[in-house]
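This briefing is meant to be read beside the sequence and the 3D structure, and it goes through strand pairing, side-chain faces and the nonpolar core in turn.

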Amino acid sequence: MTQNAEKGLLLTGPSQEVFDIGGDAQTDVIVTPIARPVPVQTSGRTEFAARCPKCGDWHRHVALGLKTAPCGAIYELKFKGAA
Ligand SMILES: [Zn+2]
């Protein structure tokens with residue numbers, strides 16, 4: 001008997017930040033701002049810092065893509081020139 005069953009590795013991808021938009025009147029006209037990430041090497045991984053287009057502060061993320069910042073701003077985190 002093998003008791004060697006591997007425990008499922010908890011692969012946490014980029015967290016899926018769900019944002020519930022209150023009121024749906026202007027859902028279609030929201031233009032997502034773009035924030036340019038600055039790679040930040042931390043212990044064990046690379047994070048991306050970005051200047052928030054809303055509050056002007058720096059927020060950190062662990063992956064690129066559409067982000068919801070702690071301040072509530074939503075922006076797309078991507079490098080200049082990236083598709
Ligand atoms: Zn912000």
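The points below describe a predicted model, beginning with a sheet and ending with the core.

An open sheet of three strands is present, with the order S1-S6-S5 and mixed pairing. Its edge strands are S1, residues 34-35, and S5, residues 65-68, each of which pairs on one side only. The largest nonpolar core has five residues, and the elements that give two or more residues to this core are strands S3 and S6.

**Pairing within the three-stranded sheet**

- Strand S6, which covers residues 74-77, pairs with S1 in the parallel sense over two bridges, and in this pairing Ile-34 stands opposite Glu-76 of S6.
- With S5, by contrast, strand S6 pairs in the antiparallel sense over four bridges, and here Gly-65 stands opposite Leu-77 of S6.
- The hairpin formed by S5 and S6 has five residues between the strands, and in this hairpin Gly-72 takes a positive phi near 105°.

**The S3 and S4 hairpin**

- Strands S3 and S4 run antiparallel and are joined by four bridges, with His-61 in S4 as the bridge partner of Phe-48.
- Six residues lie between the strands of this hairpin, in which Gly-56 takes a positive phi near 80°.

**Covered and uncovered faces**

- In a regular strand the side chains alternate between the two faces of the sheet.
- Strand S6 has Tyr-75 and Leu-77 on a covered face, whereas Ile-74 and Glu-76 make up its uncovered face.
- Strand S4, residues 58-61, has His-59 and His-61 on its covered face, while Trp-58 and Arg-60 are on the uncovered one.

**The nonpolar core**

- The members of the largest nonpolar core are Ala-35, Phe-48, Ala-50, Tyr-75 and Leu-77, and strand S3, residues 45-51, is one of the elements that give two or more residues to it.
- Both residues on the covered face of S6, Tyr-75 and Leu-77, belong to this core, and Leu-77 is also the residue that stands opposite Gly-65 in the pairing with S5.
- Phe-48, another core member, has His-61 as its bridge partner, and His-61 is on the covered face of S4.
- Leaving aside residues up to four places away in sequence, Tyr-75 touches Thr-32, Pro-33, Ile-34, Ala-35, Pro-53 and Lys-67; among these contacts, Ala-35 is itself a core residue.

Technical notes. Residues are numbered from 1 along each chain as its sequence is written. This is a predicted model: local features need pLDDT of at least 70, side-chain atom pairs count only at pLDDT 80 or more; totals for chains, interfaces and linings use all residues. Two strands pair if DSSP finds at least two bridges between them. A nonpolar core is a set of buried Ala, Val, Leu, Ile, Met, Phe, Trp, Tyr and Cys residues joined through C-beta atoms within 7 Å. A residue is buried if 20 or more other C-beta atoms lie within 10 Å of its own, exposed if 12 or fewer, and partly exposed in between; C-beta atoms are placed from the backbone. Two residues are in contact if their C-beta atoms, placed from the backbone, lie within 7 Å.
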